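Welcome, and thanks for taking a look at this small report. Please keep the sequence and the model open beside you while you read.

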Amino acid sequence: MTKIDIVHPQDLAAILRIERLGFNEAEASTAKQYQARINQLADTFLVARDEYDS
């Protein structure tokens, strides 16, 4: 089962892995950019979690 949840700082590594699968290095957002998004938009930045990832 998949759960939709707000982002947490510890999600950064997984977010970056997904980002790099979808974009080449020139197009992908950086860790610094995503960290800023997490810090500024945590209440509206959603992630999907597998049931066992909670």
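What follows is a walk through this predicted model, from the overall fold to individual residues.

## Overall layout

Let's begin with the chain as a whole. It contains 2 helices and 2 strands, and their order along the sequence is β-α-α-β. If you fit principal axes to the C-alpha trace, the spans come out at about 35 × 25 × 15 Å. The chain has 54 residues, and 26% of them are buried. The exposed surface amounts to about 4300 Å², with carbon and sulfur atoms supplying 55% of that area.

How much of the contact set comes from residues 24 or more positions apart? Among contacts with a separation of 6 or more, such pairs account for 67%.

## The nonpolar core

Now to the inside. The largest nonpolar core is built from 8 residues: Val7, Leu12, Ile15, Leu16, Tyr34, Ile38, Phe45 and Val47. Helices α1 and α2 each bring at least two residues to this core, and α1 gives the most, with 3 residues.

Phe45 is a handy member of this core to select in your viewer. Setting aside neighbours within four places in sequence, Phe45 is in contact with Asp5, Ile6, Val7, Ile15, Tyr34, Arg37 and Ile38.

## A network of salt bridges

Next comes the charged part of the story. As a general point, side chains of opposite charge can pair when their charged atoms come close. How many salt bridges does the model hold? The count comes to 2, and they are listed here.

| Salt bridge | N to O distance |
|---|---|
| Arg49 and Asp5 | 2.9 Å |
| Asp11 and Arg49 | 2.8 Å |

Asp5, Asp11 and Arg49 are thereby linked in a network of salt bridges. In the pair of Arg49 and Asp5, the partners come from distant parts of the chain: Arg49 sits in strand β2 (residues 46–50) and Asp5 in strand β1, 44 residues apart. Both of these residues, Arg49 and Asp5, are buried.

The pair of Asp11 and Arg49 has a reach of its own. Asp11 lies in the loop between β1 and α1 while Arg49 belongs to strand β2, so this pair ties together parts that are 38 residues apart in sequence. Asp11 and Arg49 are both buried.

Is Asp11 buried or exposed? Asp11 counts as buried because its relative accessible area is 10%, which falls under the 20% cut-off. The side chain of Asp11 also reaches the backbone nitrogen of His8, at 2.7 Å. Not counting residues up to four places away in sequence, Asp11 touches Ile6, Val47 and Arg49; of these, Val47 is one of the core residues.

## A serine between the helices

Another loop deserves a visit. Ser29 is found between α1 (12–22) and α2 (31–41). With a relative accessible area of 15%, Ser29 is under the 20% cut-off and therefore counts as buried.

Which side chain does the side chain of Ser29 meet in a polar contact? The partner is Arg37, and the distance is 3.3 Å. Arg37 also appears in the contact list of Phe45. Beyond residues up to four places away in sequence, Ser29 touches Leu16, Glu19, Tyr34 and Arg37. Leu16 and Tyr34 are among the residues of the nonpolar core.

## Out on the surface

To finish, let's turn to the outside. Ile4, Ile6 and Leu46 make a nonpolar surface patch of about 290 Å². Ile4 belongs to strand β1 (residues 2–6). Why does Ile4 count as exposed? Its relative accessibility is 58%, and the class begins over 50%, so Ile4 qualifies. Ile6, another residue of the patch, is also touched by Asp11 and by Phe45.

Lys32 offers a second exposed position, this time in helix α2. Lys32 has a relative accessible area of 72%, which is over the 50% cut-off and therefore exposed. How are Lys32 and Ile4 placed relative to each other? They are 28 residues apart along the chain, and their C-alpha atoms are separated by 24 Å.

Key: Residues numbered from 1 in each chain as written. Predicted model: local features only at pLDDT ≥ 70, side-chain atom pairs only at ≥ 80, totals over all residues. Heavy atoms only, no water. Helix = DSSP H or I, 4+ residues; strand = E, 2+ residues; numbered from the N terminus. Buried < 20%, exposed > 50% of the residue type's maximum accessible area, 1.4 Å probe, protein only. Polar contact = N/O pair within 3.5 Å; in protein donor to acceptor, adjacent residues only side chain to side chain. Contact = heavy atoms within 4.5 Å. Core = buried A, V, L, I, M, F, W, Y, C linked by side-chain atoms within 4.5 Å. Patch = residues over 30% accessible without salt bridge, like charges linked within 9 Å, V, L, I, M, F, W, Y side chains within 5 Å. Areas by Shrake-Rupley, 256 points an atom, 1.4 Å probe, with all protein chains shown as cover. Salt bridge = Lys/Arg side-chain N within 4 Å of Asp/Glu carboxyl O.
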